[in-house]
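The following account leads the reader through a protein structure, beginning with one helix and its surroundings and then turning to charge pairs and overall form. Please keep the structure in view while reading.

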Amino acid sequence: MGSKGRTTIEVGADGVAVITIINPPVNSLSIDVLISLKASYDQALQRNDVKAIVVTGAKRKFSGGFDITAFGGIQGGKMAAPKPGFVSVEVLSDTVEAAKKPSVAAIDGLALGGGLEVAMACHARISTSNAQLGLPELQLGVIPGFGGTQRLPRLVGLTKALEMMLTSKPVKGEDALSLGLVDAVVSPDELVNTARRWALDILDRKRPWIASLYKTEKLEPLGEAREILNFARAQARKQAPNLQHPQVCIDVIEEGIVSGPRAGLWKEAEAFQGLLHSDTCKSLVHIFFAQRGTTKVPGVTDLGLVPRRINKVAILGGGLMGSGIATALILSNYPVIMKEVNDKFLQAGIGRVKSNLQSRVKKGKMSQEKFEKTLSLLKGSLDYESFRDVDMVIEAVIENVSLKQQIFADLEKYCPPHCILASNTSTIDLNLIGEKTKSQDRIVGAHFFSPAHVMPLLEIVRTNKTSPQAIVDLLDVGKKIKKTPVVVGNCTGFAVNRMFFPYTQAALLLVERGTDVYQIDRAIAKFGMPMGPFRLCDLVGFGVAIATGTQFVMNFPERTYKSMLIPLMQEDKRLGETTRKGFYVYNDKRKASPDPELKNYIEKARSISGVTIDPKLTKLSDKEIVERVFFPVVNEACRVYAEGIAVKAADLDIAGVMGMGFPPYRGGIMFWADSIGSKYICSRLAEWTNMYGEFFKPCAYLAERAAKGAPLSSPLEQAKSRL
C-alpha cells in the first residue's frame with residue numbers, strides 16, 4: 001500500500017481546478033488516494049477562486065480501479081475496510097456529484113472499476129478514442145462497490161449495463177460515446193483543455209448539468225426492466241451455476257430501479273462488504289496475483305538479465321501442435337519458418353495455420369487484410385538451410401526419443417550458437433533429448449497445450465543445465481504471444497500432466513469398482529471442470545490417453561492404477577470422439593450420449609483387474625466423487641511441490657487453472673486443498689489406501705503437513721529445487 005498514492009490539485013487562471021490521481025503504474029484507488037481525492041474536492045469546493053473542477057489521472061491513465069492489494073489486507077484483517085458507503089455515498093454522491101461546482105472527468109488510457117465509477121459521478125465525461133472503460137469487478141468475485149451498479153444502467157441503459165458488468169468486458173472511447181457513457185471523444189493533447197472548457201460551459205448553463213444517479217430516461221418501465229433482469233438472471237445461472245455474485249449484482253441493480261438509487265447505493269455497499277469476504281472472492285484475488293507472479297523466478301529473473309530480441313522462429317513439425325504454435329507466433333508478429341519432412345506434410349501444416357486464422361476472420365475477430373498480412377509471416381521449408389539466422393527453434397514432432405535426439409544434433413549444426421533450442425515434448429526427459437549435443441545450456445522445454453493458439457498456458461521446462469538467459473528470453477516470448485508462462489523443473493509430465501495423471505486413474509478405479517461413468521463426469525462438471533475425465537479422454541483420443549498413461553505407469557509404478565478399460569475399447573476401434581465412439585457415442589454434430597454397450601467393456605476390465613463391485617461405491621454422492629477424483633491430484637501436486645518442480649504453490653494453482661480448466665473461482669488445486677485442510681485430505685487418502693491400495697497413499701509432504709495441521713501452500717523450509 002505505502003504512501004505513494006495521492007491526488008494533486010492545480011487551479012488555473014480560468015478558475016478550473018484540475019485534480020490529478022497519482023498512484024503508479026495504473027493510478028489505482030488505494031485508501032490513501034480516496035481520502036486524498038475527498039480532501040482535494042473539499043478544498044476545491046471551499047476555494048473562492050475555483051469555479052469548476054476537472055478530474056484526471058497522471059501519465060495518460062485515468063485509473064485502473066480500486067487497489068486490489070487492499071483486498072487481501074482487508075480479508076486478512078490486517079487493514080480496516082472503509083466504512084460501508086464511505087466512497088459510494090459520502091465521497092462520490094454527496095461530495096462530487098452533489099457539489100455546487102460542476103466537475104468533468106478527462107479520461108485517457110484506463111477507466112476501469114472504481115476508476116469508471118469516479119468518472120460516472122462527475123457531471124460529464126470526455127475521453128480519448130483509445131481509452132478503455134469498464135466495470136470488471138465480477139472477475140474478482142465482487143460487484144462494483146462505488147456506485148457502478150446504479151449509475152451505469154442510468155447512463156447506457158439496463159441491457160448494455162448488465163452485459164458490461166456480467167461479462168467484465170470494457171468498451172473503447174468511440175463505443176462509449178455512442179452508448180452515452182461519455183459526452184465527447186477528443187485527441188489526448190486536447191483532452192484536459194476540452195474538459196476545462198466543458199466544465200465552464202456547464203457552469204454557464206451552455207451544457208447540461210447532469211447528476212447521473214438521478215437520470216431516468218434510459219431506464220425501461222418497471223415491468224419491462226424486471227423482464228430484462230430475469231432474463232439476465234437465467235443466463236448467469238446457466239453460465240455460472242456455482243457462482244453467487246452475478247446474481248447479487250443483478251439484485252442490487254434491481255433494488256435501485258425498484259426502490260430508487262439511494263436505496264440501491266446502500267444495498268450495493270452492504271453486498272460488496274459481504275462478497276469481499278467470500279471464498280469466491282478470496283480465490284479469484286489469489287488467482288489474479290498468482291497469474292502475475294509466475295514471471296518472478298528466483299535465481300533467474302532477479303539477475304538483471306534483459307530478454308534478447310527474437311526476430312525469427314523456426315518450428316519443426318506442422319501437425320496439430322506445430323501448426324497451433326505457429327499460429328500463436330504469427331498472430332503476435334513473429335516471422336516463422338515451418339519445417340516438415342515432405343511437401344505433402346508441409347502443405348497440410350500450412351493449411352492448418354490458414355484455417356486457424358480463417359476461423360478468426362469468420363468470427364469477425366480479424367479483417368481479410370490482416371489475415372493476409374499475418375499469413376505472409378509464415379514460410380515453409382523442407383531442409384535446415386533457412387535455419388542459419390533463427391533465434392529460436394521449437395520442436396513439435398512425435399514423441400520418439402531417437403528421432404528427437406537426431407533432430408537436436410542437426411539443429412546444433414545448422415542454427416547459430418545463440419539460438420534457443422526448445423522442445424514441445426509433453427513426456428520425454430529433456431536431458432535425454434539433448435544427450436547427444438554440447439548445447440545443453442540452451443535446451444529448454446516449451447510445452448504448449450492443445451489447441452496451442454487458444455490455450456493460455458505455456459510450461460517453460462528447465463533442466464539443471466538450462467541457462468537463465470534462455471529462460472528469460474522464453475518468458476518474454478510467452479508474454480508477447482499472450483500466454484501465461486510458468487517455469488517448471490524437468491520430470492515426467494512436468495507440472496500439469498503430472499499433477500493430473502491420477503485424475504483419470506482415480507475415475508477408472510471407481511468405475512471398475514461400481515461407480516457409474518456418467519455420474520462421475522456429471523459430478524466433476526458440476527464442480528466446475530469444463531468436462532469430466534471420461535469426456536476429456538474421448539476428446540483427446542485414446543491413443544494420446546494410452547501413450548501418456550504408459551509414461552506414468554513406467555515412471556511411477558507404485559502409485560499408478562492400471563486399468564485395461566481404455567485398451568480394451570481401443571482394440572474394438574473405439575478411439576474417442578474421432579471414431580464417434582469412446583466412453584460416449586457421438587452423432588453428426590458431435591453431441592455426446594451415454595452408450596449402453598460400455599458396461600460390457602467395464603465388466604471385462606473388472607475381471608482382468610480382479611476386482612469386484614463395492615456396494616458403497618455405487619452410491620457415492622457428488623461430493624464424495626469430487627474428493628476421490630481430486631484428492632489424488634492434490635497428493636501428486638504436493639509431490640511436485642516438495643520435489644521443487646515448481647517454484648511456488650501458486651504456480652501450480654495457475655498451471656491447473658490454465659492447463660486443465662480447474663475452476664478459477666476455487667483458487668487452483670493447492671489453494672482449494674488448503675480451504676479443505678491438509679488433515680482431512682490426508683485422513684481420507686489414508687482410509688482409502690487401506691481399502692483400495694497404494695494408489696491413494698498420502699505422500700510424505702502431505703502427511704507431514706497434516707500432522708502439523710499446516711497449509712500445503714506455505715513456502716518450503718528447504719527449497720531442494722530441481723530448477
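Which helices and strands are included in what covers the buried residues of H21? The model in which this is examined is a predicted one. Helix H21 spans residues 533–540, and within it Pro533, Phe534, Arg535, Cys537 and Asp538 are buried. Their cover includes four helices, H19 (496–512), H20 (517–527), H22 (542–555) and H23 (565–571), together with strands E18 (584–586) and E19 (592–594). Just after H21, Gly541 adopts a positive phi of about 95°.

Charge pairs form the next topic. Side chains of opposite charge can pair when their charged atoms come close. Across the whole structure, a search finds 36 salt bridges. One of them joins Arg233 to Glu254, with 2.6 Å between the closest N and O atoms. Because Arg233 belongs to helix H9 (residues 222–239) and Glu254 to helix H10 (residues 245–259), this pair ties together parts that are 21 residues apart in sequence. Arg233 counts as buried, at 12% relative accessibility, and Glu254 is buried with a relative accessible area of 15%. Another salt bridge links Lys404 with Glu395, where the closest N and O atoms are 2.6 Å apart; both Lys404 and Glu395 are buried.

A further pair has a more open setting to consider: is Lys708 buried or exposed? Its side chain meets that of Glu704 in a salt bridge of 3.3 Å, N to O. Both residues lie in helix H29 (residues 700–708), four residues apart, which is about one turn of the helix. An α-helix has 3.6 residues a turn, so residues three or four places apart point the same way. Lys708 is exposed, with a relative accessible area of 57%, whereas Glu704 is partly exposed at 31%. Elsewhere, salt bridges that share partners join Arg498, Glu558, Arg559, Glu636, Arg639 and Glu643 into one network.

The overall form can now be described. The protein contains 29 helices and 19 strands. Its radius of gyration is 29 Å, which agrees with the value near 27 Å for a compact globule of 723 residues. The C-alpha atoms fill a box of roughly 85 × 65 × 55 Å along the principal axes. Of the 723 residues, 57% count as buried. Among contacts with a separation of 6 or more, 74% involve residues 24 or more positions apart. The protein exposes about 30,100 Å², of which carbon and sulfur atoms supply 55%. Finally, there are 91 positive and 74 negative side chains, and the centres of the two sets lie 1 Å apart.

Note on methods. Residues are numbered from 1 along each chain as its sequence is written. This is a predicted model: local features need pLDDT of at least 70, side-chain atom pairs count only at pLDDT 80 or more; totals for chains, interfaces and linings use all residues. Side-chain values use heavy atoms; hydrogens and water are left out. A salt bridge is a side-chain nitrogen of Lys or Arg within 4 Å of a carboxyl oxygen of Asp or Glu. Helices (H or I, at least four residues) and strands (E, at least two) are DSSP runs, numbered from the N terminus. Buried means under 20% relative accessible area, exposed over 50%, partly exposed in between (1.4 Å probe, protein chains only). Contact means heavy atoms within 4.5 Å. The radius of gyration is taken over C-alpha atoms; the globule rule is 2.2 Å times the number of residues to the power 0.38. Accessible areas come from the Shrake-Rupley method with a 1.4 Å probe; for residues, only the protein chains shown count as cover. Lys and Arg count as positive and Asp and Glu as negative; His and the chain ends are not counted. The place of a charge is taken as NZ of Lys, CZ of Arg, CG of Asp or CD of Glu.
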